[in-house]
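Open the model in your viewer and set the side chains to sticks. Where does a probe find empty space, and what lines it?

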Amino acid sequence: MEIRSKLPRGGDTIFSVMSALASEYSAINLGQGFPDFDCDAELRDRISHHLNDKKNQYCPMAGLFSLRKTLAFKIFNLYGTKVDPATEITITAGATQAIYTAITAFVHEGDEVIIIEPAYDCYKPAINLVKGIVVPYVIKGPGFKIDWDVFEDLITPKTSMIVINTPHNPIGKTLKSEDLLALNELVKGKNIVVLSDEVYEHLIYDNAHHQSVLRYADLYNQSMAVYSFGKTFHSTGWKIGYIVAPQYLMEEFRKVHQWNVFSVNSFVQYGLNDYLKEPNNYLHLPKFYQKKRDYFNNLLSDSRFKPILSEGTYFQLYDYSEISDDDDVTFAKRMTCKYKVASIPVSVFYSQKTDDKFIRLCFAKTEKVLEKVAELILQI
């Protein structure tokens with residue numbers, strides 16, 4: 001039987017490749033983005049309680065309403081925006097499902113979608129599957145700044161969506177207020193949906209505030225914002241998140257959501273609702289992760305790697321240009337095999353190969369692991 005692949009360039013992601021290499025060479029894996037510590041025992045207890053309380057049947061298609069009410073309260077307290085939990089919030093099977101569903105709902109064949117590269121690797125395949133056209137806007141290190149005047153030149157009558165990501169994976173940078181205001185001016189009055197990937201909203205450092213599209217009323221009216229409980233609460237394997245959008249956009253989103261997921265596991269939603277009632281369960285996270293960032297950078301201060309200071313996420317870029325002339329994929333593989341530390345090369349997040357010499361390391365690890373990694377890296 002002949003198969004006509006919808007993703008002929010598909011295959012293992014760089015995360016799978018580097019994780020397999022780490023396993024083969026018994027390397028410490030700082031490539032894939034997951035913590036090596038467990039979530040809060042209180043959260044596990046609440047979820048176990050509801051599992052034992054037989055919360056095992058379908059939740060509503062849009063998600064447990066009490067959880068959506070709690071999220072609406074959280075959004076108002078954080079961003080000053082009132083959202084209707086009945087019509088503007090949907091619980092999803094992780095952020096990736098939310099992103100895929102949003103792209104499927106709004107991008108038609110031949111539509112152009114602007115993404116900012118380096119771009120997290122789930123955006124392009126979803127656009128390709130619906131026969132949209134990926135239009136990359138490239139930002140380069142070490143500053144990774146967006147020139148909105150240049151960005152504007154990419155917008156055409158065929159542009160149906162712009163995908164942004166803040167805090168940004170893989171580069172660890174954040175969009176500022178002036179960025180969101182500039183974006184608002186670019187899309188105002190146009191039939192363009194802004195898809196805002198904000199899964200690291202609580203991992204913002206140096207006393208900065210997350211600039212969500214939800215802070216800006218006009219921009220929010222054309223936006224969908226995606227979040228992840230897994231990233232927030234050290235439980236990436238649960239694959240549960242949510243999306244927030246004005247009602248007229250959410251109606252279209254749910255038309256697709258009901259056919260590719262319908263609803264998300266029930267007892268986890270009940271447990272999360274209990275846990276989110278205490279804001280300190282997520283408000284403490286910036287200090288928690290900044291301590292790890294600073295500790296790790298201090299450990300590596302005598303190395304030949306130059307940090308590109310992470311403003312958000314639990315990822316840190318390092319410039320290795322003083323160490324090797326190898327391209328970043330070759331360098332990352334050699335670092336894994338020879339020095340037993342797995343990283344992610346940044347060039348794989350671009351459509352076109354770059355000559356930049358950056359690797360991404362995940363610092364969502366225990367101090368013991370970070371200390372061992374530093375010991376290995378200082379040998380390079």
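This tour of a predicted model goes through pockets, a cavity and one buried arginine.

**Stop 1: the largest pocket**

Select Thr-13, Tyr-120, Asp-121, Cys-122 and Pro-125. Of the 42 lining residues, these are the closest to the centre of the largest pocket. The volume here is about 1300 Å³. Now colour by element. Helix 1 (14-24), helix 4 (95-106), helix 5 (123-129) and helix 9 each give at least two residues to this lining. Then colour by class. The lining of the largest pocket holds 19 nonpolar, 15 polar and eight charged residues.

**Stop 2: the second largest pocket**

Move on to Ile-204, Ala-208, His-209, Leu-283 and Pro-286. They are the closest to the centre of the second largest pocket, out of 20 residues that line it. This pocket has about 410 Å³ of space. Which elements give two or more residues to its lining? Select helix 3, helix 12 (280-283) and helix 13 (285-299) to see them. Helix 13 supplies the largest share, with five residues. By class, the lining of the second largest pocket splits into eight nonpolar, six polar and six charged residues.

**Stop 3: the cavity**

Next, go to enclosed space. How many cavities of 30 Å³ or more does a search of the whole structure find? The search finds one. The space in this cavity is about 50 Å³. To see its walls, select Leu-71, Lys-74, Glu-201, His-202, Tyr-227, Ser-228, Phe-229, Thr-232, Phe-233, Tyr-242 and Leu-276. Helix 3 (65-79), strand 7 (223-228) and helix 9 (229-232) each contribute two or more residues to this lining. The cavity lining has six nonpolar, three polar and two charged residues. Keep helix 3 and helix 9 highlighted for a moment. Helix 3 also lines the second largest pocket, and helix 9 also lines the largest pocket.

**Stop 4: Arg-360**

Finish on strand 13 (residues 358-362), and pick out Arg-360 there. Is this residue buried or exposed? Arg-360 is buried, yet has no salt bridge. Asp-121 is the nearest side chain of opposite charge, and it lies 8.1 Å away. A salt bridge needs a nitrogen-to-oxygen distance within 4 Å. You have already selected Asp-121, among the residues closest to the centre of the largest pocket.

What does the side chain of Arg-360 reach instead? Show the backbone of Gly-31: the Arg-360 side chain comes to its oxygen at 2.6 Å. Then show Asn-169. Its side chain makes a polar contact with the side chain of Arg-360, at 2.6 Å.

Conventions: Residues numbered from 1 in each chain as written. Predicted model: local features only at pLDDT ≥ 70, side-chain atom pairs only at ≥ 80, totals over all residues. Heavy atoms only, no water. 1 Å grid on protein atoms, 1.4 Å probe; cavity = no way out; pocket = protein on both sides within 12 Å on 5 of 7 lines; lining within 4 Å. Points joined across faces, edges and corners; volume = space filled by probe spheres on them. Helix = DSSP H or I, 4+ residues; strand = E, 2+ residues; numbered from the N terminus. Nonpolar A, V, L, I, M, F, W, Y, C, P; charged D, E, K, R; others polar. Buried < 20%, exposed > 50% of the residue type's maximum accessible area, 1.4 Å probe, protein only. Lys, Arg positive; Asp, Glu negative; His and termini not counted. Polar contact = N/O pair within 3.5 Å; in protein donor to acceptor, adjacent residues only side chain to side chain.
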